[in-house]
Amino acid sequence: MSAPKKAPKDFFEIRLRSVATEIPLPFDLFLVVNGKPVLFRRRTDVITEDRMKLLVRHGGEKFLVPESQRIPYMKSIKDVIANPSTPTDIKSRFIKESAFVHVHDLFTKEDLSPVISETKSLVEEMVSFVSTDVEAITSLMRLSVHDYYTYNHCVDVAVYSIALAKKILGEDKKLLLLAGLGGLLHDIGKRKLNWDLINKSSPLTQLEWEEIKRHPLYGKESLEKIEAIPVDAKLAVVEHHENFDGTGYPYGLKEEQISRLSRIVTIADVFDALTTDRSYHKAVGPQEALGTMYSMQPGKFDPMIFQSFNKNFAKKGPLKLTADFDPCQPQSLDRFKVG
Ligand SMILES: [Fe+2]
Ligand SMILES: [Fe+2]
């Protein structure tokens, strides 16, 4: 993936899948032609479902909305999500698309404070969706796609973290909110890295690898002055590469020294990294990913949390290490550059 492009001044980028079809548009839609925004659909125009599918199929997915119309755009998404007659899969799609816009802002805006308050309300919506609709988590996970790596990765890690926290910590919405925020923000330190480095497909030099490993601390620095972010979510940002046995980074913390939420986000992070196409490896299926994660044990993950993850998220039933189970070749995390 190339570096995230900043939208032209006074515009923000959206994906067409976040636009409600068959009803009048509450905002103008622009396309970028020769580097300049060109009006594509005016407010009050209608985009049909067929037209949208056609555009998406032909790669016409990214559009611009004037910054001055951000409120009607976000409201249109909230209306779809809040409408009780919206089917679960459509709600999931809109929640994910709205999250995409937030993550894009988190990675490209100079000033994070205004983005953070919107991000919190998005995660609150995600939590209330998964708390009120039994199909919600399955539906959100089904929508995990294997492109647009960094943005989708943050959104998917938020979904997995909420789902796993729900199994381990119960229904307390405050804890689920922390899990969602921690997941969504965990890699925010990458905004300070060079994007060519993040997406390099050839082996990293020692210096490059040292720089990549700084992203938890860069994330900590980016967020430390923002009081609106709860301490636990900040800990997930700085601790998500710590290993249960103390071999992780940046501090080499172990066991209970690592917050429980961070131990949850670590599992969500590795699972999503393995099941997503990246510049240096192809995605593997959930079962193979779990096998690889097994081969990192004991050591990488909190055994109790990993057991719960395996029990609840393995599609063909929990993996068991038996005499005839042939785990993946032992792989080091460095090889996968799990981030
Ligand atoms: Fe990550
Ligand atoms: Fe990371």
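In the predicted model, Val32 stands opposite Pro37 of strand S3. This pairing belongs to a wider arrangement in which strand S2 (residues 29-33) and strand S3 (residues 36-41) run antiparallel to each other and are joined by five bridges. The two strands form a hairpin, with two residues between them. Within the turn, Asn34 has a positive phi of about 50 degrees.

Leu29 is also placed in strand S2. With a relative accessibility of 0%, Leu29 counts as buried, because the threshold for that class is under 20% relative accessible area. The C-alpha atom of Leu29 is separated by 5.5 Å from that of Phe40, although the two residues are 11 positions apart along the chain. In a regular strand, the side chains alternate between the two faces of the sheet.

A further strand, S1, comprises residues 11-15 and includes Arg15. The relative accessible area of Arg15 is 3%, and Arg15 is therefore classed as buried. Its side chain makes a polar contact, at 3.0 Å, with the side chain of Glu97.

Helix H3 extends over residues 88-108. At 1.5 Å a residue, its 21 residues should span 30 Å, and the C-alpha atoms at its ends are indeed 30 Å apart, so the expected and computed values agree. Of the 21 residues in H3, 18 are buried, which means that the helix is largely enclosed by the rest of the structure.

A loop position offers another case. Pro230 lies in the loop between helix H10 (215-223) and helix H11 (231-239). Its relative accessible area is 25%, so Pro230 is partly exposed; this class lies between the limits of 20% and 50%. Along the chain, Pro230 and Leu181 are 49 residues apart, while their C-alpha atoms are separated by 8.9 Å.

Internal space was also examined. Rolling a probe the size of a water molecule over the atoms shows where empty space is left. The structure holds two cavities of 30 Å³ or more. The second largest cavity contains about 40 Å³ of space. Its lining is formed by Glu242, Phe244, Ile258, Arg263, Thr266, Lys300, Phe301 and Asp302. Classified by residue type, this lining consists of three nonpolar residues, one polar residue and four charged residues.

How values were computed
Residues numbered from 1 in each chain as written. Chains lettered and ligands numbered in written order. Predicted model: local features only at pLDDT ≥ 70, side-chain atom pairs only at ≥ 80, totals over all residues. Heavy atoms only, no water. Helix = DSSP H or I, 4+ residues; strand = E, 2+ residues; numbered from the N terminus. Buried < 20%, exposed > 50% of the residue type's maximum accessible area, 1.4 Å probe, protein only. Polar contact = N/O pair within 3.5 Å; in protein donor to acceptor, adjacent residues only side chain to side chain. Pairing = 2+ DSSP bridges. Expected span 1.5 Å × (residues − 1). 1 Å grid on protein atoms, 1.4 Å probe; cavity = no way out; pocket = protein on both sides within 12 Å on 5 of 7 lines; lining within 4 Å. Points joined across faces, edges and corners; volume = space filled by probe spheres on them. Nonpolar A, V, L, I, M, F, W, Y, C, P; charged D, E, K, R; others polar.
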